[in-house]
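Please look over the sequence and the model below before reading on. The report is meant for a reader who is meeting this structure for the first time.

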Amino acid sequence: MKYISTRGKTAPMDFSDVLLMGLAPDGGLMLPEYYPLVDSETLDEWRTLSYPQLALAVMQRFATDIPYVDLKDMVERTYTADVFGSAEITPVRQLEDNLYILGLSNGPTLAFKDVAMQFLGNAFEYVLKQKEARITIIGATSGDTGSAAEYALRGKENIEVFMLSPHGKMSEFQRAQMYSLTDDNIHNIAIDGMFDDCQDIVKALQQDAEFKAAYDLGTVNSINWGRILAQIVYYFKAYFAVTNSNDEKVSFSVPSGNFGNVCAGHIAREMGLPIGRLIVATNENDVLNDFFNQGAYQPRPTDKTYVTSSPSMDISKASNFERFVYLLLEKDSARVHELFEGVKSGQGFDLSDVLDAVNTRYGFAAGKSTHADRLHTIKFLYEQYDELVDPHTADGIKVAKELQQDGEVIICAETALPVKFAETIVEAIGPIDIVRPPHTEGLETLEQHVTVLDNDAKLVAEQIRQYVKPNLT
């Protein structure tokens, strides 16, 4: 399996090489030359597999340059009951008739990002050892990616992590989780701006070829193909959990900001998983909702991006969206390059002429949830089912119930555990004791370590220079 860029000007590469890079040299995103098809007979074989066995079966088709025995070892060390709380790894629980929640938040940082990031940490370490190389991770987070990455990479050899977050825009728990780490290879940087500003800085440094080469820049944001690959697995696992036959179809409702999680579902569907619809749930930052309903994609500038009570979705430039648009435009790399260079300079684009393909060929739908909506959903689920969900998951459930068709089975992808957003939970239902894992007790009282910088890529580059020696060649 070789990997190519959405912009069409990068030579085909192996999985191991793609794993260590962020953006492609031509500014695009890397993805497989094709998505391997899975037939009904294979689905039957996969239906009874454990989570590690299923992960290995899926990943084998994409990571073809890694020997089977090494990939098996990586997967088995990643997906354990000790790390994720149970052998199921991503258990599914029923909420009501035809409505389920896919539990993705049982890892170390209580967010769905752990499912992919724990694998990525082990994969990075393996590939770097094979290549006798190092990597400088530069990432942007709106709340959960950062902590998941830091917990997966803390103390890893030959890896330095610089994580950018929007200053003052995350929950108290999220800040404490990241900023309280004391590992020498973890560096937290708070940017005076929004998540999109952090993401723009990451892309700017990634696109500086000289700087990227000198400091071996890579990324753990969902633009990294390894993240997407690991997330594909739980769509298969969830489908098997709620069906008895491959003749059945299931839809997924996915809270969406950077389009990474739902992009993995899209790829699973392209591989042949019988997914009915992929429902994109947004918050007040509803750029993706506008696109999937009207065909127009118009990212907002920082001052027009809302700060909401589902902060991990406070994103207006959905990086992974480019992978979908590439397929939607029938792999027209030149057109993709033109459109997303426009996005980089603040322009949007209109693809309403192919909106029918978006909804029929690719099975997308979308809806929006507001602060009032998520408070209502959290309160309703708690009172009706004794089910406590975080604000992002509430967005996904609200949109799922709003768009659900007669007889449609929908699985809602959980985003995080409620304790990460205690302020909003209390606002919704009043003072309660929110269950939290023992390892997070007292987290908010720990000393925090973070550098606050203005919104300037040069300042971040200088931070990297302080801690990482440049290559001399």
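What follows describes the sheet, the nonpolar cores, one helix and one serine in turn.

The model is a predicted one, and the values given here were computed from it.

**The sheet**

Five strands form an open sheet with parallel pairing, in the order 8-5-6-7-15. At its edges lie strand 8 (217-218) and strand 15 (451-453), each of which pairs on one side only. Within the sheet, strand 6 (residues 159-166) and strand 7 (residues 186-191) run parallel and are joined by six bridges, and V161 stands opposite I186 of strand 7. Helix 7 (residues 144-153) lies across strand 5 (135-140), strand 6 and strand 7, and its direction makes an angle of about 165° with strand 6.

**The nonpolar cores**

In soluble globular proteins, nonpolar side chains tend to be buried together. Two separate cores of this kind can be described here, and the table sets them side by side.

| Core | Number of residues | Residues named |
|---|---|---|
| Largest nonpolar core | 143 residues | Most contacts inside the core: Y79, W225, I232, F236, F259, F292 and F321 |
| Second, separate core | 21 residues | Including A140, I189, V202 and L217 |

Helix 11 (residues 225-242) gives the most to the largest core, with 13 residues. F236, one of the residues with the most contacts inside that core, touches L43, W46, L54, V58, A268, M271 and L273, when residues up to four places away in sequence are not counted.

**Helix 13 and its surroundings**

F292, also among the residues with the most contacts inside the largest core, belongs to helix 13 (residues 287-294), where V287, L288, N289 and F291 are buried along with it. The buried residues of this helix pack against strand 10 (275-282), strand 11 (296-297), helix 14 (321-328), helix 16 (355-359) and strand 13 (364-368). After helix 13 comes G295, which has a positive phi, near 90°.

**A serine in a loop**

Is S105, which sits in the loop between strand 4 (99-102) and helix 6 (113-131), buried or exposed? S105 counts as buried because its relative accessibility is 0%, and the cut-off for a buried residue is under 20%. Leaving aside neighbours within four places in sequence, S105 is in contact with L110, A111, F112, E414, T415, A416 and L417. For A416, the contact can be described in finer detail: a polar atom of the S105 side chain lies 3.1 Å from the backbone nitrogen of A416.

Technical notes
Residues are numbered from 1 along each chain as its sequence is written. This is a predicted model: local features need pLDDT of at least 70, side-chain atom pairs count only at pLDDT 80 or more; totals for chains, interfaces and linings use all residues. Side-chain values use heavy atoms; hydrogens and water are left out. Buried means under 20% relative accessible area, exposed over 50%, partly exposed in between (1.4 Å probe, protein chains only). Helices (H or I, at least four residues) and strands (E, at least two) are DSSP runs, numbered from the N terminus. Contact means heavy atoms within 4.5 Å. Two strands pair if DSSP finds at least two bridges between them. Axes are lines fitted to C-alpha atoms, for helices over the stretch in contact, and angles run from 0 to 180 degrees between N-to-C directions. A polar contact is a pair of N or O atoms within 3.5 Å; within protein, one must be able to donate a hydrogen and the other to accept it, and residues adjacent in sequence count only if both atoms are side-chain atoms. A nonpolar core is a set of buried Ala, Val, Leu, Ile, Met, Phe, Trp, Tyr and Cys residues joined through side-chain atoms within 4.5 Å.
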